[in-house]
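Visitor: I would like to learn how to read the arrangement of two chains from a model. Please take me through one.

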Number of protein chains: 2
Amino acid sequence: MSNYKLIYFDGRGFGKPARQLFHLAGVPFEDIRVSFEELMPGKQSESWLEMKEKMAFFTETPFGRLPVLTMDGFELAQSAAINRYLAKKFGYAGRDSEEEAWVDAIVDEFKDYMECLRPYIYGQRDGKSEEELKKIHDEVFVLVKNKFLNSVDKILKNNKSGYLVGNGLTWADLVVADHLHTLDNIKELDDVSWLNLKKYQEMIYSLPELKSHIYTRPKREM
Amino acid sequence: MSNYKLIYFDGRGFGKPARQLFHLAGVPFEDIRVSFEELMPGKQSESWLEMKEKMAFFTETPFGRLPVLTMDGFELAQSAAINRYLAKKFGYAGRDSEEEAWVDAIVDEFKDYMECLRPYIYGQRDGKSEEELKKIHDEVFVLVKNKFLNSVDKILKNNKSGYLVGNGLTWADLVVADHLHTLDNIKELDDVSWLNLKKYQEMIYSLPELKSHIYTRPKREM
């Protein structure tokens, strides 16, 4: 049996589907979590540097960052590459080249979308005023959110199976459902336009093999 | 024989490796190019909107943008997904799952790096002053460039084959060599630290099947 180790921050993020894929496949792995608090504003100076020094793997990782997956001497970096690699091994990457390509396309679109959300996400982190945040919310966040959600909604309606690609769960569903869950938590999925997406998210999260993981994971990942 | 159509802007960009992959594989394709001038600052208002209206495929593309690959009824969006799909078909995606994953990791790191270059790239487009541009160049561009180039240099030295992954050309080489060529053109690869990368770029571009394409493509892609 392969000896998988996943090293990542202790929290949600784009590397999280990797953990879900291990749970879905029932494959044991060493889940090495780096405390997320160390990265929070105002705390990241000395303690973060100290931690980096202590954790030699940071400077030794291929691109100097996380996540990193290791398996019996093989080492891999970059979230999407790790997710795709595990999804292929475990059967969640699509059934043929065309499905695999569409899973990739959806994940890439998601990544581009997250880049567009940066002004809003960083605005919150950087402690911008309520007024400034509202402006960024209304002029950036809502527009790019609507564009992305409409694309996803269209894909789901065209595909008809209930999943984004093909007739079964792929890691694109994990990435998108996780984000929809976040949007739902912050009341950004309440509009009646997103009812279909809300139902889709609930369907993905109610899959038995995923559900057991979701409800046992630490609170900060909820 | 498959009937490939690639619809993309007429110029360089992250969708360009797709064209190179067709040439490498000797596979004919319909190369539909949308004029890049229409997107230049000051020209994008009416004419660009007019063009979008004329070209119904824009609103009909999966994510409302380019590139798009079509093949006998199958349609695919997103640059990296298209490149990966073609690279797999034509044998430039890596020889096994581990090589494929590393090709993906390098391309993802490249995309993240390009995002970090945005302030510099947009600074030039937005007509910032020489002084502002110099500040962004020295404080952003140089740092992120050095970080990325050092990672690539380390990967090449560890791999020893002359290619980034495994023992042969992959689409990661196409993506990275293209960017190194751009850096060389703007004198950002002159430092002696990058001698190894310069030689690597020249080696990739001197591959006979790629060379014939490079020297026959329109000037704006040079």
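Visitor: By what turn and shift can chain B be laid on chain A?

Guide: Two copies of a chain are related by a rotation about an axis and a shift along it. In this predicted model, a turn of 180 degrees with a shift of 0.0 Å along the axis lays chain B on chain A, with an RMSD of 0.0 Å. That relation is a two-fold axis. Glu115(B) has the C-alpha nearest the axis in chain B, 4.0 Å from it. Both copies use the same surface, as 100% of the contact residues of chain B recur in chain A.

Visitor: How many residues does the contact take from chain B and from chain A, and what area is buried between them?

Guide: Each of chain B and chain A gives 35 residues to the contact. The buried area is about 2,900 Å², and carbon and sulfur atoms give 50% of that.

Visitor: Which polar features cross the interface of chain B and chain A?

Guide: There are 20 residue pairs in polar contact between the chains, and twelve salt bridges cross the interface. One salt bridge joins the side chains of Arg65(A) and Asp112(B), at 2.7 Å from N to O. On the side of chain B that touches chain A, α5(B) gives the most, with 13 residues.

Visitor: How should I read helix α5 of chain A?

Guide: An α-helix has 3.6 residues a turn, so residues three or four places apart point the same way. Helix α5 of chain A, residues 97-116, spans 29 Å from its first C-alpha to its last, close to the 28 Å expected. Asp96(A) caps its N-terminal end, with a side-chain oxygen 3.2 Å from the backbone nitrogen of Glu98(A).

Visitor: Why is α5(A) described as largely enclosed by the rest of the structure?

Guide: Because 16 of the 20 residues of α5(A) are buried.

Technical notes: Residues are numbered from 1 along each chain as its sequence is written. Chains are lettered from A and ligands numbered from 1 in the order in which they are written. This is a predicted model: local features need pLDDT of at least 70, side-chain atom pairs count only at pLDDT 80 or more; totals for chains, interfaces and linings use all residues. Side-chain values use heavy atoms; hydrogens and water are left out. Copies are superposed by least squares on the C-alpha atoms of residues with pLDDT of at least 70 in both. Contact means heavy atoms within 4.5 Å. Helices (H or I, at least four residues) and strands (E, at least two) are DSSP runs, numbered from the N terminus. The expected span of a helix is 1.5 Å times one less than its number of residues. Buried means under 20% relative accessible area, exposed over 50%, partly exposed in between (1.4 Å probe, protein chains only). A polar contact is a pair of N or O atoms within 3.5 Å; within protein, one must be able to donate a hydrogen and the other to accept it, and residues adjacent in sequence count only if both atoms are side-chain atoms. Buried area is the accessible area (1.4 Å probe) that two parts lose on being put together, summed over both. A salt bridge is a side-chain nitrogen of Lys or Arg within 4 Å of a carboxyl oxygen of Asp or Glu.
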